[in-house]
Amino acid sequence: HQTSYTTSNSLVKAMGYVTDSAIYGYLYNNQWNYWNKGPDAITNVSFEVAFPNGTYQLSYYDTITGEIISQSSVVITDGKLSLEGLNVTTDLAFILE
């Protein structure tokens, strides 16, 4: 289903899939493109999207290799996933399940 999101910087865009039990997310620096392969990092970005309360596993992925960069447990108590302090140079992929 379609849902809205917010980011703290208008240069960071997002896309992905939201199901009843998972988010497959992709954040990207809108200045990154074929002609600008090395944009400046956008630092301290926050991202929010509505999601049911509960305890979930959050995994960040390397978008080139597909390897997991980091994992953590996330507890949602206010009906939204809130990610803080993100640094987005090119792109960032995550799965919350």
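**Entry 1: the pocket**

I began with the largest pocket in this predicted model, and I noted that about 210 Å³ of space lies in it. I then listed the residues around this space: 18 residues line the largest pocket, and the closest to its centre are Thr3, Met15, Gly16, Tyr17 and Val18. Next I asked which strands supply at least two residues each of the lining. I found β2 (12-18), β3 (23-29) and β4 (42-50) in that role. Sorting the lining by class, I counted 12 nonpolar and six polar residues, and no charged residues.

**Entry 2: the sheet of five strands**

I turned to the sheet that holds β2 and β3, and I traced an open sheet of five strands in the order β2-β3-β8-β5-β6, with antiparallel pairing. I recorded β2 and β6 (68-76) at the edges, where each has a single partner strand, so one side of each is left without a neighbour in the sheet. For the twist I wrote down that neighbouring strands of this sheet are turned by 20° against each other on average, with direction ignored. Looking closer at one pair, I saw that β2 and β3 are joined in the antiparallel sense over seven bridges. Within that pairing I marked Met15, which stands opposite Tyr26 in β3; Met15 had already come up among the residues closest to the centre of the largest pocket.

**Entry 3: the sheet of three strands**

I followed β4 into another open sheet, where three strands stand in the order β1-β4-β7 and the pairing is antiparallel. Here β1 and β7 (80-88) are at the edges, and because each has a single partner strand, one side of each is left without a neighbour in the sheet. Neighbouring strands of this sheet are turned by 15° against each other on average, again with direction ignored.

How many bridges join β4 to β7? I counted six, with the two strands running antiparallel. For the register I noted two positions: Ala50 has Lys80 in β7 as its bridge partner, and Val45 has Leu86, also in β7. Between β1 and β4, which likewise run antiparallel, I found three bridges, and I wrote down that Thr6 stands opposite Glu48 in β4.

**Entry 4: aromatic rings**

I searched the whole structure for aromatic pairs and obtained six. I looked up the pair of Tyr5 and Phe47, which is tilted, with 5.9 Å centre to centre and 35° between the planes. This pair links distant parts of the chain, since Tyr5 lies in strand β1 (residues 5-7) and Phe47 in strand β4, 42 residues apart.

Are the two partners buried or exposed? I read a relative accessibility of 31% for Tyr5, which therefore counts as partly exposed, whereas Phe47, with a relative accessible area of 5%, is buried; the cut-off for buried is under 20%. Finally, I noted that the two rings belong to one aromatic cluster, formed by Tyr5, Phe47, Tyr60 and Phe94.

**Entry 5: what I keep from this**

I keep β4 as a strand to return to, as it supplies at least two residues of the lining of the largest pocket, stands between β1 and β7 in the order of its sheet, and carries Phe47 of the tilted pair.

Notes:
Residues numbered from 1 in each chain as written. Predicted model: local features only at pLDDT ≥ 70, side-chain atom pairs only at ≥ 80, totals over all residues. Heavy atoms only, no water. 1 Å grid on protein atoms, 1.4 Å probe; cavity = no way out; pocket = protein on both sides within 12 Å on 5 of 7 lines; lining within 4 Å. Points joined across faces, edges and corners; volume = space filled by probe spheres on them. Helix = DSSP H or I, 4+ residues; strand = E, 2+ residues; numbered from the N terminus. Nonpolar A, V, L, I, M, F, W, Y, C, P; charged D, E, K, R; others polar. Pairing = 2+ DSSP bridges. Axes fitted to C-alpha atoms, helices over the stretch in contact; angles between N-to-C directions. Phe/Tyr/Trp six-rings, centres within 6.5 Å; stacked < 30°, edge-to-face > 60°. Buried < 20%, exposed > 50% of the residue type's maximum accessible area, 1.4 Å probe, protein only.
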